[in-house]
Amino acid sequence: MQFKLVPEAPDDLAYVETVQRAVPLVPGTEDDCCARIMRETGIGPRDEARTWLTFLRALELAREGQAGFYRERVDPDPDHLREAFRERVYGVPVVLDVLEAADGPLSADAVFEAFRDEIPAYEQHKHRTRLQEVWGERVRRLLEWAVLFDLVERTPEGYARDVGRGEG
């Protein structure tokens with residue numbers, strides 16, 4: 001399963017653990033979990049807290065069980081987070097491939113244009129008049145998380161894939 005929702009990347013990976021610790025150990029409803037994330041981290045509005053909860057699931061730091069959402073009892077290991085990000089967040093492999101194939105750094109807009117054909121048809125239809133706005137922002141967020149996970153380098157010219165970084 002791959003997840004599409006991606007929050008704004010924080011300044012450092014330590015913040016991921018802060019948000020993870022806001023998710024309860026005892027399963028609760030999405031509303032309860034989002035309210036707790038908002039209360040304990042200052043994340044808001046609720047949609048952004050829900051995005052974080054979904055993203056934590058993608059990174060295997062939270063789960064959804066029959067009784068609701070709960071925190072995994074694991075520390076956010078950078079290597080594991082990097083791997084989960086690559087495998088469980090929709091579009092990451094394509095974004096990384098686009099950058100790897102490029103002759104030099106690319107802007108977020110250029111990466112979006114190369115990614116455009118990967119956007120599912122129902123999403124293209126749903127966001128028909130705002131496709132660049134919605135998916136352009138999503139691609140930009142993927143790029144910023146890739147920088148945080150040392151999969152991509154941000155340069156003054158744009159984003160570049162440094163194959164030797166973050167591979168193990």
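Q: Buried means under 20% relative accessible area, exposed means over 50%, and partly exposed is in between. With that in hand, is Asp150 buried, partly exposed or exposed?
A: This is a predicted model, so the call is made on computed areas. Asp150 sits in the loop between α8 and β3 (153–155). Its relative accessible area is 33%. That falls between the 20% and 50% cut-offs, so Asp150 is partly exposed.

Q: What is phi of Asp150 near?
A: Most residues other than glycine have a negative phi. Asp150 goes the other way with a positive value, near 60°.

Q: Which residue in the loop between α3 and β1 has a positive phi without being glycine?
A: The loop between α3 and β1 holds a residue that is partly exposed at 22% relative accessibility. Phi there is near 65°, and the residue is Glu60.

Q: Which peptide bond is cis?
A: Most peptide bonds are trans. Here, though, omega is near 0° at a bond leading into Pro45, a residue in the loop between α2 (30–41) and α3. The cis bond runs from Gly44 to Pro45.

Q: Is Arg88 buried or exposed?
A: Arg88 is found in helix α4 (residues 78–88). Its relative accessible area comes out at 18%. The cut-off for buried is under 20%, so Arg88 counts as buried.

Q: Which backbone oxygens does the side chain of Arg88 reach?
A: Setting aside neighbours within four places in sequence, Arg88 touches Met1, Gln2, Phe3, Arg57, Ala58, Glu60 and Arg63. Two of these offer a backbone oxygen to the Arg88 side chain, one at 3.0 Å and one at 2.8 Å. In that order, they belong to Arg57 and Ala58.

Q: What covers the buried residues of α4?
A: Leu81, Arg82, Ala84, Phe85, Arg86 and Arg88 are the buried residues in α4. Their cover includes α3 (46–58), β1 (62–65), α5 (92–101) and α8 (131–148).

Q: What is the radius of gyration of the chain?
A: The chain has 8 helices and 4 strands, in the order α-α-α-β-β-α-α-α-α-α-β-β. For 168 residues the globule rule gives 15 Å, and the chain's value is close to that, so it is as compact as a globular protein of that length. The radius of gyration is 16 Å.

Q: How far apart are the centres of the positive and negative side chains?
A: Count the charges and you get 23 positive and 34 negative side chains. The centres of these two sets are separated by 6 Å.

Definitions and conventions:
Residues numbered from 1 in each chain as written. Predicted model: local features only at pLDDT ≥ 70, side-chain atom pairs only at ≥ 80, totals over all residues. Heavy atoms only, no water. Helix = DSSP H or I, 4+ residues; strand = E, 2+ residues; numbered from the N terminus. Rg over C-alpha atoms; globule rule 2.2 N^0.38 Å. Lys, Arg positive; Asp, Glu negative; His and termini not counted. Charge placed at Lys NZ, Arg CZ, Asp CG, Glu CD. Buried < 20%, exposed > 50% of the residue type's maximum accessible area, 1.4 Å probe, protein only. Polar contact = N/O pair within 3.5 Å; in protein donor to acceptor, adjacent residues only side chain to side chain. Contact = heavy atoms within 4.5 Å.
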